[in-house]
Amino acid sequence: MNPVKPKKALGQHFLTDLGIARRIAETLDDYKGLPVMEVGPGMGVLTQFLLEAGHDVKVAEVDGESVEYLNKEFPKLQGRILHQDFLATDLAEIYPDGEKFCVIGNYPYNISSQIFFHVLDYKDQVVCCSGMLQREVAERLAAKPGGKARGILSVLLQAWYTVDYLFTVDENVFNPPPKVKSGVIKMVRNNVTDLGCNEKLFKTVVKTSFGQRRKTLRNSLRGLSAQGVALPDIPMMALRPEQLSVEQFIELTNIIESTREQA
C-alpha cells in the first residue's frame, strides 16, 4: 500500500515507473543552474531525480498528507515545501526581482490547463516548463496550425514558447491508473519579447475565435462588432481558427486594432 492515499478530488494519479520519472526529470538537464518549481510532487517520485541531479528544488503541494510524507522522506526539502495551491501562488514572490526559473510536474489532470495559463502569466521568468499531463491536453499544447487539436492554449503558449510533445505514457504505470493515456511535453521560452500587437486584444481575438471553433473567423468573430470593431474583409476571415499560425493571429489582431482606431 502507498503511504499516501491518492485523492480523486485532487486528480492524483501517482506515477510508479521510476524510468519514466527519470526521463521527465531529464527534460531539465540543460537548466541545472536555474531553480525549479515542481507542481504536485505527491510522494516525490519525480522530486527524487530532480534532487539527485542537483537542481535547486521547491515544491508546491496542496495535499497535507503528501506534505507530511515529503517532509519525512526528503530532508533536503526542509523549508522548500509550499503547502498551497500552485494556481494561487504568486511565483514572482517566490522568485523575486525577475529571477528566471523552471516549472515541472506530473500535473493533476483536472487543472492542467489552468496550470499552463498560470505559467503563462510568468512567461518573462519561466524559461522552461515540462512535465506530464493528459495526452489529449498535451497534444493540444503542441498542436501545429491545421491540426484539429489546436486550440486557445496552443496559440497563446506558442506565441512565447517552443512546445514539443516528447512521448506517450500508458495508463498502467500509475496508481490508480487513469482512464486515459498521458503525454510528456517540454516548453522552452523563445526570443520573443514583444508580439508586435496589442497583447490584450490578441488574447481576445484568439479566445473569441476558438469560442466557436467550427465556424470561420468571419462568423466566430462577429461578436466583436458589439465592441465597435469593424471586421476586415480579407481572405484570412474565411479560415477556421485552427488553421492560423501565431503570426497570422498577430496580423489579424493588428488589422482589427487599426479598424477599431478608425471607427
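Cys128 sits in strand β6, which covers residues 126–134. The model is a predicted one. Cys128 has a relative accessibility of 0%, and because buried means under 20%, this residue counts as buried. What does Cys128 touch, once its neighbours within four places in sequence are left aside? The contacts are Leu28, Tyr31, Phe101, Cys102, Val103, Lys186, Met187 and Val188. Phe101 shows how the fold brings parts of the sequence together: 27 residues separate Phe101 from Cys128 along the sequence, while their C-alpha atoms are 7.4 Å apart in space.

Strand β6 is part of a wider arrangement. In the model, 7 strands form an open sheet with mixed pairing. Read across, the order is β4-β3-β2-β5-β6-β9-β7. Which strands stand at the edges of this sheet? They are β4 (81–82) and β7 (161–169). Each of these has a single partner strand, so one of its sides is left without a neighbour in the sheet.

Strand β9, at residues 182–189, takes part in two of the pairings described here. β9 and β7 run antiparallel and are joined by 8 bridges. β9 and β6 also run antiparallel, with 7 bridges between them. Ser182 of β9 can be used to follow both pairings. On the β7 pairing, Ser182 is the bridge partner of Val169. On the β6 pairing, Ser182 stands opposite Gln134. β9 is mostly covered, with 7 of its 8 residues buried.

The next topic is the nonpolar interior. In soluble globular proteins, nonpolar side chains tend to be buried together. In this model the largest nonpolar core has 51 residues. Which of its residues touch the most other members? They are Phe86, Val103, Phe116, Phe202 and Leu252. Phe116 can serve as an example. Apart from its neighbours within four places in sequence, Phe116 is in contact with Tyr107, Cys129, Leu133, Leu141, Leu153, Leu157, Ile185 and Met187. A second core, separate from this one, has 30 residues, including Tyr31, Leu50, Val57 and Phe174.

Two places in the backbone deserve a look. Asn175 and Pro176 are joined by a cis peptide bond, with omega at about -10 degrees. Pro176 is found in the loop that runs between β8 (174–175) and β9. The other place is Asp97, in the loop between α4 (91–94) and β5 (101–106). Phi of Asp97 is near 60 degrees, which is a positive value in a residue other than glycine. Is Asp97 buried or exposed? Its relative accessibility is 81%, and because exposed means over 50%, Asp97 counts as exposed.

The last topic is empty space. Rolling a probe the size of a water molecule over the atoms shows where such space is left. The largest pocket holds about 610 Å³. Its lining has 34 residues, and those nearest the centre are Phe14, Gly40, Pro41, Gly42 and Met43. Strands β1 (14–15) and β2 (35–39) each supply at least two residues of this lining. By type, the lining of the largest pocket divides into 19 nonpolar, 12 polar and 3 charged residues.

The second largest pocket holds about 250 Å³ of space. Among the residues lining this pocket are Pro6, Lys7, Tyr109, Asn110 and Lys179. Pro176, the proline of the cis peptide bond, also belongs to this lining. The lining of the second largest pocket divides into 5 nonpolar, 4 polar and 3 charged residues.

How many cavities of 30 Å³ or more are there? The count comes to 1. About 30 Å³ of space lies in the largest cavity. Its lining is made up of Leu120, Leu156, Trp160, Leu195, Glu199, Phe202 and Lys203. Which helix gives the most to this lining? Helix α8, at residues 199–211, does, with 3 residues. The lining of the largest cavity divides into 5 nonpolar, no polar and 2 charged residues. Phe202 links this part of the model to the interior: Phe202 lines the cavity and is also among the residues of the largest nonpolar core that touch the most other members.

Notes: Residues are numbered from 1 along each chain as its sequence is written. This is a predicted model: local features need pLDDT of at least 70, side-chain atom pairs count only at pLDDT 80 or more; totals for chains, interfaces and linings use all residues. Side-chain values use heavy atoms; hydrogens and water are left out. Two strands pair if DSSP finds at least two bridges between them. Helices (H or I, at least four residues) and strands (E, at least two) are DSSP runs, numbered from the N terminus. A nonpolar core is a set of buried Ala, Val, Leu, Ile, Met, Phe, Trp, Tyr and Cys residues joined through side-chain atoms within 4.5 Å. Buried means under 20% relative accessible area, exposed over 50%, partly exposed in between (1.4 Å probe, protein chains only). Contact means heavy atoms within 4.5 Å. On a 1 Å grid over the protein atoms alone, a cavity is a set of points where a 1.4 Å probe fits but cannot get out, and a pocket is an open set with protein on both sides within 12 Å along at least five of seven lines; lining residues have an atom within 4 Å of a point. Grid points are joined across faces, edges and corners, and a volume is the space filled by probe spheres set on the points. Ala, Val, Leu, Ile, Met, Phe, Trp, Tyr, Cys and Pro count as nonpolar, Asp, Glu, Lys and Arg as charged, and the others, Gly among them, as polar.
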